[in-house]
Amino acid sequence: MLVRHLLQYCLRCPRTPTNRDLNVTTSKDTAYSHLSPEAQARIETVRRIANEVVGPAAKSVDQEARYPAEAMQALKEAKLLSAYVPQSLGGFGSTLVELGHMCEALGQRCASAAMVFAMHQIQVACVVRHGT
C-alpha cells in the first residue's frame with residue numbers, strides 16, 4: 001500500500017523540460033492545507049529544495065543517467081530522509097499523505113530524485129514496521 005501511494009504521487013508529474021522550468025507553488029491554499037502546520041512546513045522545505053537544488057540538477061541527472069546526489073544530500077541535511085520514522089524514535093513521524101506530497105514536489109522538478117526519495121522511504125517503512 002505504501003508503494004502504491006508514493007508511486008501515485010511520484011508518477012503524477014511526468015519528467016518533462018516544461019516541468020523543470022516551472023517554479024513549484026508554495027501557496028498555503030494548496031491540497032495539503034488540512035495537514036498540521038509542522039507537516040506543511042516540511043512539505044514547504046521539500047518544495048524549496050526542489051526549486052533550489054533538485055531542479056537545477058535535473059538535466060544533468062537525466063543526461064548522464066546518474067544518481068541525484070545533490071537532491072539526496074539536501075534532503076539529508078534537512079533531516080527529511082527520516083521523515084517516516086516515528087517521533088518517538090527521533091524522526092518526524094510523517095504520514096503517507098505527507099510523504100506523497102513531498103514526492104510530488106520533487107517529481108515536479110526531477111522524477112529521478114522523487115523516485116529515489118520514495119524508494120528510500122519505502123525501505124524506512126519496512127524497518128519501522130518490521131524492525132532491523
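**Exercise 1. How are H5 and H6 oriented relative to each other, and which residues make the contact?**

*Step 1: orientation.* In this predicted model, H5 and H6 pack at an angle of about 155°, with axes 7 Å apart. Axes here are lines fitted to C-alpha atoms, for helices over the stretch in contact, and angles run from 0 to 180 degrees between N-to-C directions. Angles under 35 degrees count as roughly parallel, over 145 as roughly antiparallel, 65 to 115 as roughly perpendicular, and the rest as oblique. H5 and H6 are therefore roughly antiparallel.

*Step 2: handedness.* H5 and H6 cross in a right-handed way. A crossing is right-handed if the near helix is turned clockwise from the far one by less than a right angle, and left-handed if anticlockwise.

*Step 3: the contact.* H5 brings Leu99, Met102, Cys103, Leu106 and Gly107, while H6 brings Ala111, Ala113, Ala114, Phe117, Ala118 and Gln121. Contact means heavy atoms within 4.5 Å.

*Step 4: the chemistry.* Sorted by type, the contact of H5 with H6 holds nine nonpolar, two polar and no charged residues. For this sorting, Ala, Val, Leu, Ile, Met, Phe, Trp, Tyr, Cys and Pro are nonpolar, Asp, Glu, Lys and Arg are charged, and the others, Gly among them, are polar.

Before you go on, a note on the ground rules. Residues are numbered from 1 along each chain as its sequence is written, and side-chain values use heavy atoms, with hydrogens and water left out. As the model is predicted, local features need pLDDT of at least 70 and side-chain atom pairs count only at pLDDT 80 or more, while totals for chains, interfaces and linings use all residues.

**Exercise 2. How many helices and strands does the protein chain have, and in what order do the elements run?**

*Step 1: count.* The protein chain has six helices and zero strands. Helices (H or I, at least four residues) and strands (E, at least two) are DSSP runs, numbered from the N terminus.

*Step 2: order.* Starting at the N terminus, the elements read α-α-α-α-α-α.

*Step 3: the chain overall.* Of the 132 residues, 43% count as buried; buried means under 20% relative accessible area, exposed over 50%, and partly exposed in between (1.4 Å probe, protein chains only). Among contacts between residues at least 6 apart in sequence, 65% join residues at least 24 apart.

**Exercise 3. Is H3 roughly parallel or roughly antiparallel to H5, and how does H3 lie against H4?**

*Step 1: H3 with H5.* The two helices pack at an angle of about 15°, their axes 9 Å apart. That makes H3 roughly parallel to H5. H3 passes H5 in a right-handed crossing.

*Step 2: who meets whom.* From H3, Ala39, Arg42, Ile43, Val46, Arg47, Ala50 and Val54 meet Glu98, His101, Met102, Ala105 and Leu106 of H5. The contact of H3 with H5 divides into eight nonpolar, one polar and three charged residues.

*Step 3: H3 with H4.* Here the axes come within 8 Å and cross at roughly 160°, so H3 is roughly antiparallel to H4. The crossing of H3 and H4 is right-handed.

*Step 4: the second contact.* Val46, Ile49, Val53, Val54, Ala57 and Val61 of H3 pair up with Glu70, Ala71, Ala74 and Leu75 of H4. By type, the contact of H3 with H4 has nine nonpolar, no polar and one charged residue.

**Exercise 4. Which residues of the largest nonpolar core touch the most other members, and which helix gives the most to this core?**

*Step 1: the hubs.* The core has 26 residues, of which Val46, Val54, Leu75, Met102, Leu106 and Phe117 touch the most other members. A nonpolar core is a set of buried Ala, Val, Leu, Ile, Met, Phe, Trp, Tyr and Cys residues joined through side-chain atoms within 4.5 Å.

*Step 2: the suppliers.* H3 (37–64), H4 (69–77), H5 (96–107) and H6 (111–130) each supply at least two residues of this core. H3 gives the most, with eight residues.

*Step 3: one hub up close.* Not counting residues up to four places away in sequence, Phe117 touches Met72, Leu75, Leu80, Leu81, Leu99, Met102, Cys103 and Leu106.

**Exercise 5. What is the phi of Ala65, and is Ala65 buried or exposed?**

*Step 1: the angle.* Ala65 has a positive phi of about 50° although it is not a glycine.

*Step 2: the setting.* Ala65 lies in the loop between H3 and H4. Ala65 counts as exposed because its relative accessibility is 70%.
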